[in-house]
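Visitor: I'm new to this one and would like to learn how to read it. Could you walk me through it, feature by feature?

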Amino acid sequence: MNYIGEHLLPGQLGFFFLILSFVAAGMACFAYGKAAQTEHLEDSKSWRKLGRVFFIIDAVSIFSIFVIIYTLISKHYFEYYYVWNHSDKSLDPKYLLSSIWEGQEGSFLLWMFWHAVLGLILMKTSKKWEAPVLSVVSFAQFILASTIIGIYIFDVKIGSNPFLLTRDNFGDLPVFQRADYLTLPRFQDGNGLNQLLQNYWMVIHPPILFLGFASTLVPFAYAIAGLWKKDYGGWSKDALPWVSFSAGILGLGIMMGAKWAYESLNFGGYWAWDPVENASLVPWLILVAGLHTHVVYNSTGHSLRATYLFYILSFVLVLYSTYLTRSGDLQDTSVHAFTNLGMNWQLRLLVFVFLIPSFVLFFMRYKKIPHIAKEENSWSREFWMFIGALVLFLSALAVIVPTSFPIFNKVFGTNWNIGEDKEFPYNRIQVFVAVIIGLLTAITQFMKYKQTDKGATLKSLLWPTVLTVAISTASSVFGAINYDKYGIGFLIAIHLALWASIYAVIANAAYIWVGLKGKMKAAGASVAHIGFGMFLVGVLISSAKKEVLSINHLNPLNFGGETKEKGEENLTMFQGIKTDMGSHWATYEKDSTTMGGKYMFFHIAMENKKSGEKFTLYPDLIKNSKGQEGYSNNPDSKHYLTHDIFSYVNYANKTKEGEDTAQFRVETVKYKDTLYYSSGFMILDTVGFRLENNRVEFTEKDTAIVAKLTVVPFNSSKKLTAYPYLTFNNNSIEYVPDTVISQGLAIQFKRPTDLTHFDIGVKESSNLTPFIALKVLKFPLINFVWLGIVIMIVGFVMTVRRRMRLINN
């Protein structure tokens, strides 16, 4: 059948380049491998030239694939399944790029793109290491290319082809029996981009993060090349700038993701120990550990074996994080995870094809790797740098093991989990890591390699220590850091970590002045340490002093038992009504929609009671894509130098179309009587004077009668509880209903008809009286988190430049 309106040529070209990339990468790996193995100089040069040709062909193919996919998306060629499934016509132009890496195929392509760029740079800069290093890089390209070629070998699917036609993906659906299927309404627009990815951070965060992932291949490739060629330390100076670059760019990519989470997600922060967040953090921790042991080796000859181990692990763990993200095993526990495309066997192979050979080679060569038998002096810089690297390694283990519980459970049939609280199991360990790393970061740079003058070191540390004690004591005494949710022990640990972090900032600033005599060109490491210390200060204070401003004891909503949101932390705001929010007045003034109702913005006028300052917050809801009903929330913040006011809408009945015309249906019931509604029933449990409940905290001055009802939906095994009540104020009765949002119920306690009978009003409505549930948080010193990251990255850049100058000189 000749289908009308299909554009087949771009897809055919794209598939050609997919195959060409796969073949060229394999041939480049082979040619570079022969060049590395051949002893004859002329033969080696010939193989190396051939390797360059094939690698350049691979790079050009990848760049061409990228351009073709972007063209298909921008022109809305919905005959291609990847275009239809990841984009639509309403997307802002900048989000067309995000459509590429929303899918697994596009993210693999982005990874290969950066491998190609880095490989071309290595081709020009790696000199004698070009052949073995580019052989490893080409092999990685070959394996990654297999994930997107989408071919079958003996009924086994290899990869997933991004140029698959929509009609081929859906098989024998009757609609594709029509030659003009593209004229049907269903194919006039696409399935859309996930609403959470429609944020400008998701345009720049994935490319930077994948550049970080790709860059970990470079130290890995140098390490494998050293083992392969039995030149165990010859690569170390050439590789060190690459390691600093990789650590800096991967750290930047991870924290860009944290900034996206802060601006787009509603867990009220920037880090939630989400499994995919963890999987990206662990390679960075181990890479930074390797960076420090690498510096130790270049200066003293110690720690080369550890450096090899850390570089191999960092890249293998990047591959493992790829498996975690794309296997579908974490889709129930992570907001970042992809769904399963049926490639799990290939993703596992991706890990093991690097893990097994690299560790076999490492252990085969282990005894031949240069090692100084004499232990480091405990008063030497290298000793404590190694201890710091070991702490980072153990920190990484403490993260990756519980993160992998879903995988362990699937493989071994166990039922391990970290409990209901997803954050504290990590925090209780990492807070002590912060203490140790903060102290080591502060003190170690004042020491010398091999042997340190104790008296001179202690003298240099005197004033930074005194200043730290003064500032830290003041922050602990007057800073009102009273986070006692997990007991006094954890609170003490927070204060210790804060002291250590402040010490890291002050001591490294002092070292630039005293130890380096103000020579900023050599101060890259110290600048990075200052940034890291500031980052820790921001993390500790913004987390420990995070404050919920939208406390609601008057009319909190009942969100049901299936959400972690608490009604008493969400202010119920009726449009046009000025509402008391503790330190502020808040008014839900109006709402507005953009892009045909895709976005709904809520205008929240805020007024500081003390200063009189007025500002407006604009949290919004974005309509869910990909056939999902409902909306997702996007926060909005007011930024100050010392804190952020962070807000998001948890519920808005304005998303329901039409006016609320439903009326309360009143029934007279007695204790344990049952009232039915369309989706379930409810039971009157009890009625009491100021009855204790989880909704309102009454004082002794309040005259309130509260009814407790158990709501039992037909479609859920979970029971809900409602607490409508009435109060007596100024000789009048105020009836305060309870709203069970998940059931579209408003329940009102009218009045007792006698001592045993009570009037209960029940209203069912898909659009109750216009209101929103607004959550507002205050994050003190949140800017220290972002400023610290920026300074740390500046330090990495300074280090890269200095290391490159040293190599060139």
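Visitor: Where does Lys-450 lie?
Guide: You'll find Lys-450 in the loop that links helix 16 and helix 17. Keep in mind that this is a predicted model.

Visitor: Is Lys-450 buried or exposed?
Guide: The general idea is a cut-off: a residue counts as exposed when its relative accessible area is over 50%. Lys-450 has 54%, so it is exposed.

Visitor: And how do I read its phi?
Guide: Start with the general habit: most residues other than glycine have a negative phi. Lys-450 isn't a glycine, yet its phi is positive, about 75°. Lys-672 also has a positive phi, near 70°, and is not a glycine either. Look for Lys-672 in the loop between strand 13 (665–670) and strand 14 (674–677). With 56% relative accessibility, Lys-672 counts as exposed.

Visitor: Let's move on to helix 17. How can I check its length?
Guide: Compare what a helix should span with where its ends sit. Helix 17 covers residues 454–478, which is 25 residues, so at 1.5 Å a residue it should span 36 Å; the end C-alpha atoms are 35 Å apart, and that agrees.

Visitor: Where does helix 17 bend?
Guide: At Leu-462, by about 35°. There's a proline, Pro-464, within the four residues that follow.

Visitor: What happens at the two ends of helix 17?
Guide: At the N-terminal end, Asp-453 acts as a cap: one of its side-chain oxygens lies 3.1 Å from the backbone nitrogen of Gly-455. After the helix comes Ala-480, with a positive phi near 55°.

Visitor: Which residues of helix 17 are buried?
Guide: Thr-457, Leu-461, Pro-464, Thr-468, Ser-472 and Ser-475 are. The helix's buried residues pack against helix 16 (424–443) and helix 18 (488–514).

Visitor: Can I use the length check on helix 18 too?
Guide: Sure. Helix 18 has 27 residues, so at 1.5 Å each the expected span is 39 Å; its end C-alpha atoms are 38 Å apart, which agrees. As for cover, 19 of the 27 residues in helix 18 are buried, so call it mostly covered, since buried means under 20% relative accessible area.

Visitor: How do I get a feel for the nonpolar core?
Guide: Ask which residues have the most contacts inside it. The largest nonpolar core here has 176 residues, and those with the most contacts within it are Trp-111, Val-133, Tyr-222, Trp-235, Trp-284 and Tyr-308. Helix 12 (residues 304–326) supplies the largest share of this core, 15 residues.

Visitor: What does Trp-235 touch?
Guide: Setting aside residues up to four places away in sequence, its partners are Trp-129, Tyr-222, Ala-223, Gly-226, His-294, Leu-304, Thr-307, Tyr-308 and Tyr-311.

Visitor: What about polar side chains that are buried?
Guide: For those, look for a polar partner. Ser-264 sits in helix 10 (residues 236–264). Its relative accessible area is 1%, so Ser-264 is buried. The side chains of Ser-264 and Asn-199 are joined by a polar contact of 2.9 Å. Beyond its neighbours within four places in sequence, Ser-264 is in contact with Leu-196, Asn-199, Asn-633, Asn-634 and Pro-635.

Visitor: Which side chain makes a polar contact with that of Asn-552?
Guide: That of Thr-572, at 3.3 Å. Asn-552 is in the loop between strand 3 (547–548) and strand 4 (571–574). At 3% relative accessibility, Asn-552 counts as buried.

Visitor: How do I read a strand pair?
Guide: Check the direction, then the bridges. Strand 11 (residues 636–639) and strand 12 (residues 643–652) run antiparallel and are joined by 4 bridges. Between the two strands are 3 residues, and together they form a hairpin. One bridge to find is that of Lys-638, whose partner in strand 12 is Ile-645.

Visitor: And a single residue within a strand?
Guide: A handy rule: in a regular strand the side chains alternate between the two faces of the sheet. Try Glu-589, found in strand 6 (residues 584–594). Glu-589 has 44% relative accessibility, so it counts as partly exposed. Leaving out neighbours within four places in sequence, Glu-589 is in contact with Gln-575, His-603 and Ala-605.

Conventions:
Residues numbered from 1 in each chain as written. Predicted model: local features only at pLDDT ≥ 70, side-chain atom pairs only at ≥ 80, totals over all residues. Heavy atoms only, no water. Core = buried A, V, L, I, M, F, W, Y, C linked by side-chain atoms within 4.5 Å. Buried < 20%, exposed > 50% of the residue type's maximum accessible area, 1.4 Å probe, protein only. Contact = heavy atoms within 4.5 Å. Expected span 1.5 Å × (residues − 1). Bend = angle between axes of the 7 residues up to and from the residue. Polar contact = N/O pair within 3.5 Å; in protein donor to acceptor, adjacent residues only side chain to side chain. Pairing = 2+ DSSP bridges.
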